[in-house]
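Me: I have a model open and want the labels justified. Walk me through them, briefly.

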Amino acid sequence: MNENQQILNEIFLRNKVKGKYKFDYNLSKHSWFGVGGNAEIFYIPSSFDELQLVLTAKAEDIDVSVIGLGSNIIIRDGGIAGLVIRLGNEFSNIYHDKNMVFAGAAVQDKILSKYCLKNSIIGFEFYSGIPGSVGGATCMNAGCFGSETKDIFIKAKCLSNQGEPIEMNYSEELFSYRKNNFLDKHIVCEVQFNKEIGDPLIINKRIVEINDQRKETQPQKVMTAGSTFKNPFDRSELKAWQLIDKAGLREYELNGVSFSEKHANFIVNRQKDSANLIEDFGENIKKEVKSRLGIELEWEIKILGNR
Ligand SMILES: Cc1cc2nc3c(=O)[nH]c(=O)nc-3n(C[C@H](O)[C@H](O)[C@H](O)COP(=O)(O)OP(=O)(O)OC[C@H]3O[C@@H](n4cnc5c(N)ncnc54)[C@H](O)[C@@H]3O)c2cc1C
């Protein structure tokens, strides 16, 4: 065990932590790409209080990262230094009161969408097609087919990397396209959403439409992380996939990494050797689009860890 691992091990033992923790734990199964390096310290907290205690006790210079369901990340082959947190069952409650829907950060977007359908709550239909968690959606302002997380978000209960409780309230500036402008060194633990009652038949119809459209336009059952690059709307009228297509890069392949035949902005990974290769593929695409069309693409996928 190295020094950081010893520090955390002592904190876990001293506080009789009930959560799960592992050292030098391979994260490949926590990324939809199925590849990636190790977490120096991997921790699934058993409660909000326990997570707060661990974060407060750890030395400030130990890095903290959080992963959700891994549907929007590349975890580099060199792994992630410090403490890597993944929220589990203890952060998976959903309930509602008169005005709001409450969801733990580990709740799957699809499950939240189903819950809302069951309770005739409108506005969560778009979540039926997003394979991430509520925490990931809050970090990414996840959205599709004209709706985004910011449309239903009220506030989130968070912890800073040092264990301070922080409430993140909705404001105009909080979210932008596929981005949360506040979330940096914070862990989202629970989110409160707007509750509006609607007609379950209309809600269900919208869910069916979204899922039909998705099946038609996106690859299914492959190792991908959704849209690779953001649509550069401020620089081009074309979407990222259209720019890739126009630059003649749709068929580009790098040792088992290529774009989906169905969607030229979805990377499909067909190899098991390296996450860095996926990053290299994306960087090559960025470079070529810039040199052929003069437009800079920006990663939508989050790249975590060391090369
Ligand atoms: C097939 C497919 C289709 C997709 N379609 C869409 C789509 O239509 N629209 C869309 O927006 N996205 C889409 N995505 C991308 C992805 O599903 C979303 O971005 C999703 O919100 C990511 O959630 P996650 O739990 O998987 O987060 P992860 O991928 O694990 O993490 C993403 C980011 O969120 C952060 N994060 C995760 N949990 C927390 C937390 N509790 N607190 C703080 N930060 C946290 C991570 O640090 C990381 O920076 C798609 C992905 C796939 C594979």
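Me: Why does the shell around the ligand lie between domain 1 and domain 2?

Reply: Domain 1 (3–89) and domain 2 (92–216) both give residues to that shell, so it lies between them. The bounds come from an automatic or database domain assignment. This is a predicted model: local features need pLDDT of at least 70, side-chain atom pairs count only at pLDDT 80 or more, and totals for chains, interfaces and linings use all residues. Numbering starts from 1 along each chain as its sequence is written.

Me: What makes a residue near the ligand?

Reply: Its C-beta atom, placed from the backbone, must lie within 6 Å of the molecule. There are 32 residues around the ligand, and G68, G132, G135, G136 and G226 come nearest.

Me: Which element supplies the largest share of the shell?

Reply: The helix α4, with five residues. Helices (H or I, at least four residues) and strands (E, at least two) are DSSP runs, numbered from the N terminus. β3 (64–67), α4 (134–140), β8 (143–144) and β14 (186–194) each supply at least two shell residues.

Me: How is the shell split by class?

Reply: It has 18 nonpolar, 13 polar and one charged residues. Ala, Val, Leu, Ile, Met, Phe, Trp, Tyr, Cys and Pro count as nonpolar; Asp, Glu, Lys and Arg as charged; the others, Gly among them, as polar.

Me: What separates the centres of domain 1 and domain 2, and how many residues make the contact?

Reply: The centres, taken over C-alpha atoms, are 24 Å apart. The contact takes 16 residues from domain 1 and 16 residues from domain 2. Contact means C-beta atoms, placed from the backbone, within 7 Å. On the domain 1 side, α2 gives the largest share, five residues.

Definitions and conventions: Two residues are in contact if their C-beta atoms, placed from the backbone, lie within 7 Å.
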